[in-house]
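Subject: The structure we talked about

Hi there,

Here is the structure I promised to send over. Have a look at it first, and then read on for my notes.

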Amino acid sequence: MFGLLAAERALADWTLNMRKGITALSEETWTLHMQVFWWCVAIAIVVFGTMIYSLFAHRKSRGAEAAQFSHSMSAEVIWTVIPIIILLIMAVPSAETLVKLEDSRKPDMTIVITGYQWKWHYNYQGENVAYFSSLARTSADARRKGSGIDPFTVENYLLDVDRPLVVPVGAKVRILLTSNDVLHAWWVPDLAIKKDAIPGFMNEAWFRAEHTGTYRGQCAELCGKDHGYMPVVVRVVEQDAFDAWLATQKGQAERVASAE
Amino acid sequence: MTTAVADRAHGDEQHGHHGPAKGLTRWLFTTNHKDIGTLYLVFSLIMFFVGGSMALVVRSELFTPGLQFVHPEFFNQMTTMHALVMIFGAVMPAFVGLANWMIPMMIGAPDMALPRMNNWSFWILPVAFSILLSTLFMPGGAPAGGWTMYPPLVLQTGDAFPFLIFSVHLMGLSSIMGAINVIVTILNMRTENMSLLKMPMFVWTWLITAYLLIAVMPVLAGAVTMLLTDQFFGTSFFLAAGGGDPVMFQHIFWFFGHPEVYIMILPAFGIVSEIIPTFARKPLFGHDSMVYAASSIAFLSFIVWAHHMFTVGMPLTGQLFFMFATMLIAVPTGVKVFNWAATMWRGSMTFETPMLFSLAFLFLFTIGGFSGLMLAIVPADIQYHDSYFVVAHFHYVLVPGAIFGIMAAVYYWLPKWTGTMYNETLGKWHFWLSTIFVNVTFFPMHFLGLAGMPRRIPDYATQFADFNSVASVGAIGFGLSQLLFAWVILQCVRRNGDAATNEVWDNPKGLEWTVPSPAPYHTFDEPPQVSSQAAFS
């Protein structure tokens, strides 16, 4: 058991790259990221390679005599035109993905997300289901200075909440973002969504999760002292599980209403 | 009337051949460009250590998950103040100091054009930073809303708030006066035969920088003044409840902020354009295209500001425009890097400390450029934005970019300033330690950002622990290495080392190498004669 945990930790720890995520667009984003990365690597090999060769070959200690050329129109044209071509190659798919990211038409459901210092509020539009989502008790206890609790013993330290956002797999979920006080940003890397929550304004984003599971993120816009302590947790479940969950939530909401 | 005449007579006498005044008044009342340059540089070095100490508080806290040393409130004060001190206190004054020392000597002028304003523009700075640093001891602590001062959060600052605004105003005032001085000096005081296109690259890049400063510092001043009136005078520029728009602040701020980025890098471009030809023993490749590239970068810097805010919810067309404009910056920046590489090509290179720092600049700034290109791709930027990937990116362009440029300049010109050669062995130690530790510190931050760690958090999930520890070790190593830098400079100032020749290096180009080392208190009483064919860099 401990061996398994250790292995899992070791896998997670030295993560080098962006995750592909769980939506078509998060994967497209990942592909763009890799494309531009490999272009950079290719350019680096050529440019750094040339410079490193020059650093070894053209040094005074090896008796190199300095040439005195200082102009070449053709060279200048070549290294202006080639980067422009590479940029055009990158610009087209980037623009295409961006257009898709912005197309939030015809959603299956809409959730209004409001940022507070320092928690999130989720409101399932038209469903009479709304609740706050705050840092989980276990993390909240351990995070205090001098708490004496080792963060490594806390499951999902700082990335766990009391009540996650629950969404159905395969549905087009539109989120409307705003804030009650200062700026926040709702970020879930696996959904490739990061959008600012701005007081007095509504922002829009959407995702269609392709896999069930629990996905974690954080507030990404500095929002005061507890900015580091307002995680986002999204649970993606099968449609019928979601329906059942929603019915329970509505029942609770109605009981609360009738009790009043 | 008589006083005026007397003052003038006194002024004329001051411009005679005697040396500086004695004691503290020399520094308080000086109008000498070399003295003022020295003041700027010393101030900048002190601020570099102040800002660096703040960074070490941040990195110590982030060494391991959990809170060990500070509370989140103080952590945020440290990140905010670190940025303000480093940008406005360390990097910008260092460049102004180098401009003061070198521009008159490089263009054959006896001094800066506006010497009294020069004195004032420096002495505002210690006042501004005394005000800013004093906020650390105020109720509610120092500003903690980030150096970007985004409302509404910045309006939650405690007693420090008006002091923050006022100190930013003062810094802006100082920068604008410094920039006016640079422009007037360069446009009016060049020696005969030095046409604009024959100016050394350092002078050129500073001329462009000065225009950027004059264009954008008032914009920053306007933005923070609107914050001030929102807070105290009932306006609602940035408050939605009163019909304002918090995002408008970001647009205004980054209209200043992006040119500001180039204000901090263009002079460094100029510095390495001076140093690489000297140590490659070969003229700078494509001098004119370097000028055009720097000018294009300056122009483009005005139309890319919103790439700092791709997550605020802009219209699609706006995002597309800012993405394409941002990508375009890679072209002139590429031209500069290729020209430096071509300058080295088939040269006869030696690797003294200034050259080593310039080479590290070339490689590591380019890495920052690559991550900059990645950040231009909007869908990918949505993942990178406000993560440690961004922290890695801007530290690569600012530390091994701007700051290595400054260090290269200090090693390059220190023998001219002090008349004493620095200790080459210690200089090389300083270089290698700095270069290794800067990478240990900032390279892992790319991985942290891609793994999903947001910036400006005092504590983090345990899967980020390992790379954070590595970065913290690197930061402490980098910080300690800089003590060596201070030591090397101190040794030179104390004349502890070999006497420097007038040329210092192996046949360097430029008028600064025609005057004795150390440079006399007054240089070029007569405009120096240069041939119309001479190349200056």
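Which strands does helix α5 (residues 239–259) of chain A lie across? Helix α5(A) lies across β4 and β10 of chain A, and runs at about 135° to β4(A). Please keep in mind as you read that this is a predicted model.

**The sheet under that helix**

β4(A) and β10(A) belong to an open sheet of 5 strands in chain A, with the order β4-β10-β9-β6-β7 and mixed pairing. The edges are taken by β4 (165–168) and β7 of chain A; each has a single partner strand, so one side of each is left without a neighbour in the sheet. From one strand to the next, the twist averages 25°.

If you walk through the pairs, β9(A) and strand β10 (residues 231–237) of chain A run antiparallel and are joined by 6 bridges. Tyr215(A) has Val234(A) in β10(A) as its bridge partner.

β6(A) deserves a pause. How many of its residues are buried? The count is 5 of 5, so to speak of β6(A) as mostly covered is fair. Both of its faces are covered: His184(A), Trp186(A) and Val188(A) are buried on one side, and Ala185(A) and Trp187(A) on the other. β6(A) pairs with β9(A) in the antiparallel sense over 2 bridges, and there Trp186(A) stands opposite Cys219(A). With β7(A), β6(A) also pairs in the antiparallel sense, over 5 bridges, and His184(A) stands opposite Ala197(A). The hairpin of β6(A) and β7(A) has 4 residues between the strands, and Ala192(A) takes a positive phi near 55° in it.

**The other sheet of chain A**

There is also an open sheet of 5 strands with the order β3-β2-β1-β5-β8 in chain A, again with mixed pairing. Its edge strands are β3 (129–133) and β8 (203–207) of chain A, each of which pairs on one side only. The twist here averages 20° from one strand to the next. Strand β5 (residues 173–179) of chain A runs antiparallel to β8(A), with 5 bridges joining them; Arg174(A) stands opposite Trp206(A) in β8(A).

**Chain B**

Chain B has 17 helices and 0 strands. Its radius of gyration is 23 Å, close to the 24 Å that the globule rule gives for 537 residues, so chain B is as compact as a globular protein of that length. Along the principal axes, the C-alpha atoms of chain B fill a box of roughly 65 × 65 × 45 Å. Of the 537 residues, 60% count as buried. Among the contacts in chain B between residues at least 6 apart in sequence, 82% join residues at least 24 apart.

One helix to look at is α5 (residues 115–134) of chain B. At 1.5 Å a residue, its 20 residues should span 28 Å, and the end C-alpha atoms are 30 Å apart, which agrees. The buried residues of α5(B) include Phe122(B), Leu125(B), Phe129(B) and Leu132(B), along with polar ones such as Asn118(B) and Asn119(B). What covers the buried residues of α5(B) includes α3 (33–61), α4 (72–107) and α6 (160–188) of chain B.

**Where the chains meet**

81 residues of chain A are in contact with 79 residues of chain B. On the chain A side, the elements that give two or more residues are α1 (2–13), α2 (24–57), α3 (73–101), β6 (184–188), β7 (193–197) and β9 (213–219). α3(A) gives the most, with 15 residues. The residues on this side divide into 44 nonpolar, 20 polar and 17 charged.

**Backbone spots to check**

- The peptide bond from Gln117(A) to Trp118(A) is cis, with omega near 0°; Trp118(A) is found in the loop between β1 (109–116) and β2 (119–124) of chain A.
- The peptide bond from Pro151(B) to Pro152(B) is also cis, with omega near 0°, and Pro152(B) is in the loop between α5 and α6 of chain B.
- Met149(B) is in the loop between α5 and α6 of chain B. Its phi is near 55°, a positive value in a residue other than glycine, and Met149(B) counts as buried because it has 23 C-beta neighbours inside 10 Å, where 20 are enough.
- Leu158(A), in the loop between α4 (137–142) and β4 of chain A, has a positive phi near 65°. With 26 C-beta neighbours inside 10 Å, Leu158(A) counts as buried.

Best wishes

Key
Residues numbered from 1 in each chain as written. Chains lettered and ligands numbered in written order. Predicted model: local features only at pLDDT ≥ 70, side-chain atom pairs only at ≥ 80, totals over all residues. Expected span 1.5 Å × (residues − 1). Buried ≥ 20, exposed ≤ 12 C-beta atoms within 10 Å, placed from the backbone. Contact = placed C-beta atoms within 7 Å. Pairing = 2+ DSSP bridges. Axes fitted to C-alpha atoms, helices over the stretch in contact; angles between N-to-C directions. Rg over C-alpha atoms; globule rule 2.2 N^0.38 Å.
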